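Biologist: I would like a close look at one part of this model, the metal site and what surrounds it. Please take me through it step by step.

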Amino acid sequence: MYSSVKKYLEDHQAQSLEDLKQFLRFESISADSKCREQMKQTAEFVRNRLESAGLKAEIHPTAGHPIVTGQWRKAKDAPTVLIYGHYDVQPPDPLELWTSPPFEPEVREGKIYARGATDDKGQMLTHLLAIEAWLKTAGKLPVNVIFVIEGEEEVGSNNLDLFLAEKKEEYACDVAVVSDTSMYAPDLPAITYGLRGILACEVTLTGPNRDLHSGVFGGAVANPINVLTKMLGSLQDDQGKILIPGFYDDVLELGEDEKKEFSSLPFDEAAFMKDLGINTLQGEAGYSTIERRWARPTFDINGIYGGYSGEGPKTIIPSTATAKITCRLVPNQNAAQLTSAIKSHLESICPTSVTMEFTDFHGCEGIVFDTSGPYFQAASRAIQNAFGTRPVFIREGGSIPVVATFQEIFGVETLLLGWGLNSDNLHSPNEHFHLENFYRGTLASASLWEELVS
Ligand code: BES
Ligand code: MN
Ligand code: MN
């Protein structure tokens, strides 16, 4: 059957590209409250497109942005696959660095440029198109499918977890499929079997009740930015080790086999640095760059502000200082537990000269799967059929919060089949997606449904 589905997809390539462009024109920025109406319209687009592909589709309002589902469940005695994707995107800033506007998709040199092209609209659409091609050619699918497409991945998926817990019985499934990761290199497809988790929080210190003249008051009153930077500076030693008590207690250490597999992957450190415009790599002592990125926890300040940051000097003692913090977590670390560990530690080192306020934004656990089972092997064959190359098995440093939830609620593994490239500028200006990978990804998806039952 794969060959006739493939033919259908090849005949409809131009239409698939039009679908993608239409999807990319929606300004579905989940973090931006001005986009609420656009988020709704994007959800409606997804619902309508699932419906025209032949699925039973529904929009589910949440406390945040809507979730869209689509179902086709007529394959008796066959496995049920939950396909996940997200229609929300990151903010496009800084706008002036885009060659073409972020929500006016443009094809240049075989790549489509727009916010969300690779993360995740383009990747997600491959599954919808493949399922549609099956239903239009064979009139049926080899497996049962449930699409769950959310609008809050980029802000932590808090409402999706509640939704799935409610639907525990209705959406019971055998395996999940997600295309929201990267290939290992151009022409080297990958199956990702591990993701890091994350915790995101914010700390604000308040000193005097207003900004003060730094000459009149300076030296006699605590400066919240000075205090905050000193506190944060004490959280890591010179070896890159994080000094929050208990931080490493539950870390799942890498085994020798996995270390060997990581080091057998092609990795050009010089090219990696050149691409980033840096001349030294740094990180936790005793670990390789790949190990640091995929399997070690981190502590990062994402932004720090307070006082004056406009043009020229301004002589003040600021009233407040804030830092936004994320930690990447690895399997067996618990996000909620570590968030409280960070909060308690900051409280314990916070001097009485300022008051501290702490906000917990979101968190999720890291995961790692055993790749020897039949689903991973089926995915490997499907990718080989479409790309002509066997995929490598890799881990990834980024996070997709729902993957841990799928394991927790449904007890299932997730096949992370990435058609993107880390050089596609996800979360950056000039985000793009290679059309070749868009088409090959669609073919791999089309092949997967058959391989899962063979
Ligand atoms: N698609 C990414 C995750 C990803 C990044 C996979 C890089 C492969 C390579 C996802 O949309 C993402 O950006 N996740 C956030 C999650 C967070 C906001 C909860 C992340 O990792 O920062
Ligand atoms: Mn994504
Ligand atoms: Mn993302």
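How are the donor residues of the manganese ion (ligand 2) spaced in sequence?

Modeller: This is a predicted model, so please read what follows as computed from it. The donor residues of the manganese ion (ligand 2) follow the spacing H-x32-D-x60-D. That pair of Asp residues links distant parts of the chain: Asp119 sits in helix α4, and Asp180 in the loop between β7 (175-178) and β8 (190-195). They are 61 residues apart. Both Asp119 and Asp180 are buried.

Now the atoms. The protein donors of the manganese ion (ligand 2) are His86 through NE2, Asp119 through OD, and Asp180 through OD, listed twice. They lie 2.0 to 2.3 Å from the ion. The geometry around the manganese ion (ligand 2) is irregular, because its 6 donor atoms subtend angles of 58 to 167 degrees. For six donors to count as octahedral, opposite donors must be over 155 degrees apart and all others between 65 and 115. The angle of 58 degrees falls outside those limits, so the arrangement is called irregular.

Next, the second metal. The manganese ion (ligand 3) lies 3.6 Å from the manganese ion (ligand 2), and Asp119 coordinates both. The manganese ion (ligand 3) is coordinated by Asp119 (OD), Glu154 (OE, listed twice) and His427 (NE2). The distances are 2.1 to 2.6 Å. Here too there are 6 donor atoms, and the arrangement is irregular because the angles run from 54 to 156 degrees.

The sequence spacing for the manganese ion (ligand 3) is D-x34-E-x272-H. Again the pair joins distant parts of the chain: Asp119 belongs to helix α4 (residues 117-137), while Glu154 is in the loop between β6 (144-150) and α5 (158-166). Asp119 and Glu154 are 35 residues apart. Glu154 is buried, as is Asp119.

Asp119 deserves a second look. The peptide bond from Asp119 to Asp120 is cis, with omega near 5 degrees. Asp120 lies in helix α4. Just before that helix comes a loop, between β5 (111-113) and α4, and this loop holds Arg115. Arg115 counts as buried because its relative accessible area is 0%. Arg115 and Phe369 are 254 residues apart in sequence, and 30 Å separate their C-alpha atoms.

Now for ligand 1. It is surrounded by 17 residues. The closest are Glu153, Asp180, Arg328, Ser399 and His427. Two of these names have come up already: Asp180 is a donor to the manganese ion (ligand 2), and His427 is a donor to the manganese ion (ligand 3).

The contacts can be taken one by one. An N or O atom in the Glu153 side chain is 2.8 Å from an oxygen atom of ligand 1. For Asp180, an N or O side-chain atom is 2.8 Å from a nitrogen atom of ligand 1. His86 places a polar side-chain atom 3.2 Å from an oxygen atom of ligand 1. The protein covers 91% of the 520 Å² of accessible area that ligand 1 has on its own. By class, the shell around ligand 1 is made of 9 polar, 6 charged and 2 nonpolar residues.

A few backbone details of the loops complete the picture. His86 is a donor to the manganese ion (ligand 2). The loop between β3 (80-86) and β4 (106-108) contains Pro94. The peptide bond from Asp93 to Pro94 is cis, with omega near -5 degrees. Glu109 is in the loop between β4 and β5. Its phi is near 50 degrees, a positive value in a residue other than glycine. Glu109 counts as exposed because its relative accessibility is 74%.

Asn425 belongs to the loop between β17 (414-418) and β18 (432-434). Phi of Asn425 is also positive, near 60 degrees, and this residue is not glycine. Asn425 counts as partly exposed because its relative accessibility is 27%.

One last loop residue is Ser319, between β12 (316-317) and β13 (320-329). A polar side-chain atom of Ser319 lies 2.6 Å from the backbone oxygen of Pro208. Ser319 counts as buried because its relative accessibility is 11%.

Notes
Residues are numbered from 1 along each chain as its sequence is written. Chains are lettered from A and ligands numbered from 1 in the order in which they are written. This is a predicted model: local features need pLDDT of at least 70, side-chain atom pairs count only at pLDDT 80 or more; totals for chains, interfaces and linings use all residues. Side-chain values use heavy atoms; hydrogens and water are left out. A residue is near a molecule or strand if one of its heavy atoms lies within 4 Å of it. A polar contact is a pair of N or O atoms within 3.5 Å; within protein, one must be able to donate a hydrogen and the other to accept it, and residues adjacent in sequence count only if both atoms are side-chain atoms. Accessible areas come from the Shrake-Rupley method with a 1.4 Å probe; for residues, only the protein chains shown count as cover. Ala, Val, Leu, Ile, Met, Phe, Trp, Tyr, Cys and Pro count as nonpolar, Asp, Glu, Lys and Arg as charged, and the others, Gly among them, as polar. Donors are N, O and S atoms within 2.8 Å of the metal (3.2 Å for Na, K and Ca); water is not among the atoms, so sites may look incomplete. Four donors count as tetrahedral if all angles lie between 85 and 135 degrees; four count as square planar and six as octahedral if opposite donors are over 155 degrees apart and all others between 65 and 115; anything else is irregular. Helices (H or I, at least four residues) and strands (E, at least two) are DSSP runs, numbered from the N terminus. Buried means under 20% relative accessible area, exposed over 50%, partly exposed in between (1.4 Å probe, protein chains only).
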